[in-house]
Amino acid sequence: MPKVIPVPDELSQPFWDAVNERRLVLQNCAACDKLQYPPQAACQVCGSADGLEWKEVEGKGHVATYIVIEDGRLNRRMPDQPYNLALVTLDQDPTVNFYSNLPGVPAYQAPVGAAVELTFEEVAPGQLIHEWRVAQ
Amino acid sequence: MTSSNNFQWRRDRDGLGVWEHRGKVAVVGYGHSPVDRRWDGVNLDTSLGAYTIMACEKAMEQAGVTIDQVDGIVCCDSHIAGGSGGSASNWAPRPYFDPPYDSEYGITLINAQWLINAMGFKNVRFAPTGVPTIGEMMGMASQAVGDGVCNTCLVIYPTGNLEGRYRRGGENADDFARGARQWTVPWGNHGGNDFINIFPHNQYCLKYGGEHDDLAPFVINQHKNGMLTLWGFNYNHGIEPISVEDYKTSRYILNPLRIWDCDRPVNASAAYLFTTAERAQDMKSQPVYVLNHSQHNFRFRTTQPDLDEVEMWTDRQAARMYEGAGLGPADVDIFNPYDGYSIMTQFFLEGFQWHGVKRGDAFAFYAGDISVKGPHPFFSSGGNLGNGRTRSAMYTDSIEQLRGTAGDRQVTVRAETALCAFTTPSSGGWLMLGKYQS
Ligand SMILES: [Zn+2]
């Protein structure tokens, strides 16, 4: 079944534009040299909005842990149940994390601790989302 | 007659020192309505409005306080089946009833103005709008009474629940994810404290050893304590405690989160009466004193809070509460944190180091004797898991334990101080109560 489709807003438009070009860009505060995801109006460390810039990051991460959604509330995903929902940390800054359904990994078999790499998945015509697959 | 809440009532920062009104504010009464699973949409005698009036009357009666003496009303005006459910929580448009049930207020929502009209309060001078949940309201009322914004203040927490599965439909039926949901929903996280806490809980098991089902003795103990709570849902509906086997074979919601790790939404109302310690001396109930209150709303640093963040947040909550009350972990007799999902409770237990429990020790503690008659009567209220999602059991039990009126639930250890809360690791509030003023 199709995933729920993200709707970009003013703040997130550059992020999703990059995803649609198969790139992962995060906010980075020039003053703090700190990556930030999801995007916010200001740097969560120093509070500055001026220093925030979009920075492409390397699509490498690790599976920190995962759950299996067996009885979720999203109509669109109910036919997918049970499905994995993993927590992926970014190698470049492990305090930044992402969700992933780990495409290709059967439910209940997510490899905790495994390396993953960035991939993209089309959820609507022209709209991609960032996903993670177990590194080969 | 409602007024703004623009006085500085929050204690939501580190290092605020001892609370300036420590021991000078008292809780003098409480009242509970019956706790139903749902409101049927028809019977006005069991509506949230009728139940709230009932709870307020009981709280006032307990202290011997009359309508004319109440000058503060702090009432949460959102019913908890709603909130993050958005339109998922709306019920169908309906014809209303005769006054005072001629709008949503009085039926599925309550606010101060509705209560003032419905009950005929005449001397209310503090009745804020936009009031937060009970976890913060208890602190708000404590500060208002301490500051003299009002003298005799009712705190009311109505918890509504209607027909249908919880938070189904609405934005959860949408094909699109907007706003903050664009970062979670495409992967299946529709939001809620189950999602927020299950990942740190898994990391907890990985880091310290143990497995999810080590929560079973804690959950079962909550059920047992609930069966000793005469106003609660479980006691009144004959919900006998489950067995370890029942727990381990129960169905998963967000594996490893099981159905028994989740509280049961209910339709009920609770009220508490606060006043000054001085006025409390002339009231007919035994006062318990507020020794400190605090609130917190920590910002997530990224998509999903992890174990490090949750431990840091709960450490800070504990430091604020102990500092403001001038007490330490060894001074706390009664400990009623929060269990809306069983997976978050260990973070509070260890953060506050109740009975010396340190990080990573909670599951071993749960496996020992945590019964109310034993040496470590953890969570003597039974919490939400033992009483339904009223979010009030923690407060009522703490008051009763300090008064010595907890009946079959009365602990056998010393009961002179109590910590109680409605909180999650990231947001909510705490209250420290004392049998004595200092
Ligand atoms: Zn910065």
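Start in chain B of this predicted model by selecting Arg11(B), Arg13(B), Gly15(B), Leu16(B), Gly17(B), His293(B), Ser294(B), Arg320(B), Glu323(B) and Gly324(B), which line the largest cavity. Two elements give two or more residues each to this lining: strand S8 (288–297) and helix H9 (307–325) of chain B. Colour H9(B) on its own, and you have the largest share of the lining, three residues. By class, the lining holds one nonpolar, five polar and four charged residues. The enclosed space has a volume of about 50 Å³, and the count of cavities of 30 Å³ or more comes to three.

Next, the second largest pocket. Its space amounts to about 570 Å³. To find its centre, select Arg37(B), Ile259(B), Cys262(B), Asp263(B) and Pro265(B), the closest to that point among the 30 lining residues. Then show helix H4 (193–208), strand S5 (252–255) and helix H12 (383–387) of chain B, each of which supplies at least two residues of the lining. Colour the pocket by residue class and you will find twelve nonpolar, seven polar and eleven charged residues.

While H12(B) is on screen, look at the loop between helix H11 (362–367) and H12 of chain B, where Phe379(B) lies. Is Phe379(B) buried or exposed? Its relative accessibility is 0%, so Phe379(B) counts as buried. Check its backbone too: phi is positive, about 55°, although the residue is not a glycine. Most residues other than glycine have a negative phi.

Now move to Asp71(B), in the loop between helix H1 (48–63) and strand S2 (72–75) of chain B. With 8% relative accessibility, below the 20% cut-off, Asp71(B) counts as buried. Which backbone atom does the side chain of Asp71(B) reach? Draw a distance to the backbone nitrogen of Thr152(B), and you should read 2.8 Å. Beyond its neighbours within four places in sequence, Asp71(B) is in contact with Asn123(B), Val124(B), Arg125(B), Phe126(B), Cys150(B), Asn151(B) and Thr152(B).

Keep Phe126(B) and Cys150(B) displayed and add Ala144(B), which touches both of them along with Phe7(B) and Val149(B), leaving out residues up to four places away in sequence. Ala144(B) sits in helix H3 (residues 134–147) of chain B and is buried, at a relative accessible area of 0%. For a sense of scale, join its C-alpha to that of Thr108(B): the two are 36 residues apart in sequence and 27 Å apart in space.

One more stop in chain B is the peptide bond between Pro99(B) and Pro100(B), which is cis with omega about 5°. Pro100(B) belongs to the loop between S2 and helix H2 (112–119) of chain B.

Switch to chain A for another cis bond, from Gln81(A) to Pro82(A), with omega near -5°. Pro82(A) is in the loop between strand S5 (60–69) and S6 of chain A. Follow the chain into S6(A), residues 83–90, which pairs with S7(A) in the antiparallel sense over five bridges. A hairpin of two residues joins S6(A) to S7(A). Select Ala86(A) and its bridge partner in S7(A), Ser100(A). Why is S7(A), residues 93–100, largely enclosed by the rest of the structure? Because six of its eight residues are buried.

Finish at Asp33(A), in the loop between strand S2 (25–29) and strand S3 (34–36) of chain A. Asp33(A) is exposed, with a relative accessible area of 58%, and has a positive phi of about 50° although it is not a glycine.

Terms used: Residues numbered from 1 in each chain as written. Chains lettered and ligands numbered in written order. Predicted model: local features only at pLDDT ≥ 70, side-chain atom pairs only at ≥ 80, totals over all residues. Heavy atoms only, no water. Buried < 20%, exposed > 50% of the residue type's maximum accessible area, 1.4 Å probe, protein only. Helix = DSSP H or I, 4+ residues; strand = E, 2+ residues; numbered from the N terminus. Pairing = 2+ DSSP bridges. Contact = heavy atoms within 4.5 Å. 1 Å grid on protein atoms, 1.4 Å probe; cavity = no way out; pocket = protein on both sides within 12 Å on 5 of 7 lines; lining within 4 Å. Points joined across faces, edges and corners; volume = space filled by probe spheres on them. Nonpolar A, V, L, I, M, F, W, Y, C, P; charged D, E, K, R; others polar. Polar contact = N/O pair within 3.5 Å; in protein donor to acceptor, adjacent residues only side chain to side chain.
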